[in-house]
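Work through the exercises below with the sequence and the structure side by side. Each one sets a task and then follows it with a solution in steps.

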Amino acid sequence: MKRLILLFVALLATLPLFAQDMIVLRDGTIVQSKVLEISSSEIKYKKFSNPDGPLYTLKSSEILSINYANGDVECFDKVAEPAPAPKGTPEEPLFIEVGPDANNQALLDKYNKTRVYCNEKVSSKVLDKYHYKFGVTKNSVLSSDDVEIFFDRKYYVYTSSNYYYEYDIRITNKTDQTLYFDLSKCFRINPDGSSHTYYDGSRQTSVTNVGSTGLGIHLGAGITVGGGNSSATTTTYTNERILVIPPYAHAYLSTHKEVGREVVSTGEPLWRRLRYSIPTAVQKGRIYNYTEENSPGFIRYTLTYSKDADFSTYSNLKMNLFIQQVIGVSEAWSFLLKHDKDFCIVGLMAYR
């Protein structure tokens, strides 16, 4: 077929009597035309039968040759098709999957092998308040090539009706690039099925200290301190959507912060009322152990981040906590840890 096309092209070249340009396509099609413009990637022409008609375009990669009316012949080398636009544009972000780093299993083991035991005598008394401990599921990624997650800074938070634990989630950037976490796409699914997203653009907390004077200072990042000749200093805290973590630095996804009596931000509230999840009445002094397969409750996290400020690429980090132990004690000092306390995620459950 190709030989026949070339032979036909040669014959056309010897016939200058034609008053039109002949475009020979690679599939053997011949277009009678008047060629008006040629570029490296395409040609533009009008049909010979309708010189006042529309302008047509052909890709250079489709053309074998052009036989002009004056007898000249122009052959076209095979032109590669333009490469498709790469994915990862702002209109179509490119997802980059991340897997566990070499130390991920060691971190999982530390959280899961740390256990709790009671120093109270076992009795038949059923408690209305008791403690629990979380483990981390085996498919969780606490450490990847990019980041490492640590449940940090555990402490009590007291209210008028109860007290409970809070933890901060610390994110360490392991790379030499800046990481950007989109808090509107970082969320937690609680054991009761409710969800929490880490960005709330409507939330704003202002704290005023009366009696101070000084210069007004703008600190940026949602923090403004106003003073001047005023008798009060006001600090306004807002929740920024993008959490920026410089190379080899760390920041907190959630952290408990108080200024005076005002709670500016909260950590992870592990006091959720899970009484409907626990399959048995909890007796004083007893410990109920669960595995990942039969655990009565889970907390699921998804964190979305990018190495690009425009999020043209992005990755998801997923980790799940499961209730590993329920401890039949109502006071924190009534149980002890068997291993490293830094890797023990504990909280308080209450029936009321």
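**Exercise 1: Strand 1 and its partners**

Strand 1 and strand 5 (residues 63–67) run antiparallel and are joined by 4 bridges. This pairing belongs to a predicted model, and it is the starting point for the first task.

Task: Find which residue of strand 5 is the bridge partner of I23, and then work out how strand 1 pairs with strand 2.

Solution. Begin with strand 5, where I66 is the bridge partner of I23. Turn next to strand 2, which pairs with strand 1 in the antiparallel sense over 4 bridges, with D21 standing opposite S33. Follow the chain between these two strands, and you find that they form a hairpin with 4 residues between them; in its turn, G28 has a positive phi of about 95 degrees. Finally, look at how strand 1 (residues 21–25) is covered: 5 of its 5 residues are buried. D21, I23 and L25 point one way, while M22 and V24 point the other way, and all are buried.

**Exercise 2: The sheet around strand 1**

Task: Establish in what order the strands of the open sheet of 6 strands are arranged, and which strands stand at its edges.

Solution. The order is 4-3-2-1-5-6, and the pairing is antiparallel. Strand 4 (56–59) and strand 6 (73–75) stand at the edges, and because each has a single partner strand, one side of each is left without a neighbour in the sheet. Direction ignored, neighbouring strands of this sheet are turned by 40 degrees against each other on average. One of the pairs to inspect is that of strand 2 (residues 30–38) and strand 3 (residues 42–47), which run antiparallel and are joined by 5 bridges. Within this pair, I38 has I43 of strand 3 as its bridge partner.

**Exercise 3: The buried side of a helix**

Task: Identify which residues of helix 2 (residues 104–113) are buried, and decide how they are placed around the axis.

Solution. The buried residues to mark in helix 2 are N104, L107, L108, Y111 and N112. They cover an arc of only 125 degrees around the axis, and therefore they lie on the same side of helix 2.

**Exercise 4: A strand covered on both faces**

Task: Describe how strand 12 (residues 179–182) is covered on its faces, and name the residues that stand opposite L179 and Y180.

Solution. Take the two faces in turn: L179 and F181 lie on one side, Y180 and D182 lie on the other, and all of these residues are buried. Then examine the pairing with strand 19, which runs antiparallel to strand 12 and is joined to it by 4 bridges; here L179 stands opposite I245. Strand 25 also runs antiparallel to strand 12, and 2 bridges join them, with Y180 standing opposite S306.

**Exercise 5: Two positive phi values**

Task: Compare the settings of Y248 and F311, and determine for each whether the residue is buried or exposed.

Solution. Y248 has a phi near 60 degrees, a positive value in a residue other than glycine, and F311 likewise has a positive phi, near 55 degrees. Y248 is found in the loop between strand 19 (242–245) and strand 20 (250–254), whereas F311 lies in the loop between strand 25 (298–306) and strand 26 (313–327). The relative accessible area of Y248 is 59%, so this residue is exposed. F311 has 15% relative accessibility, so this residue counts as buried.

**Exercise 6: Residues far apart along the chain, and the chain as a whole**

Task: State what separation the C-alpha atoms of K129 and V329 have, and then summarise the whole chain.

Solution. K129 and V329 are 200 residues apart along the chain, and their C-alpha atoms are separated by 7.4 Å. K129 has its place in strand 9 (residues 129–136), and because its relative accessibility is 21%, K129 counts as partly exposed. For the chain as a whole, among contacts between residues at least 6 apart in sequence, 67% join residues at least 24 apart. The secondary structure comes to 2 helices and 28 strands, and buried residues make up 40% of the 352 residues. As a last step, consider the cysteines: a search of the whole structure finds 0 disulfides, C186 counts as buried at 0% relative accessibility, and C344 counts as buried at 1%.

Definitions and conventions
Residues numbered from 1 in each chain as written. Predicted model: local features only at pLDDT ≥ 70, side-chain atom pairs only at ≥ 80, totals over all residues. Heavy atoms only, no water. Buried < 20%, exposed > 50% of the residue type's maximum accessible area, 1.4 Å probe, protein only. Contact = heavy atoms within 4.5 Å. Disulfide = S-S within 2.5 Å. Arc of directions from axis to C-beta. Pairing = 2+ DSSP bridges. Axes fitted to C-alpha atoms, helices over the stretch in contact; angles between N-to-C directions.
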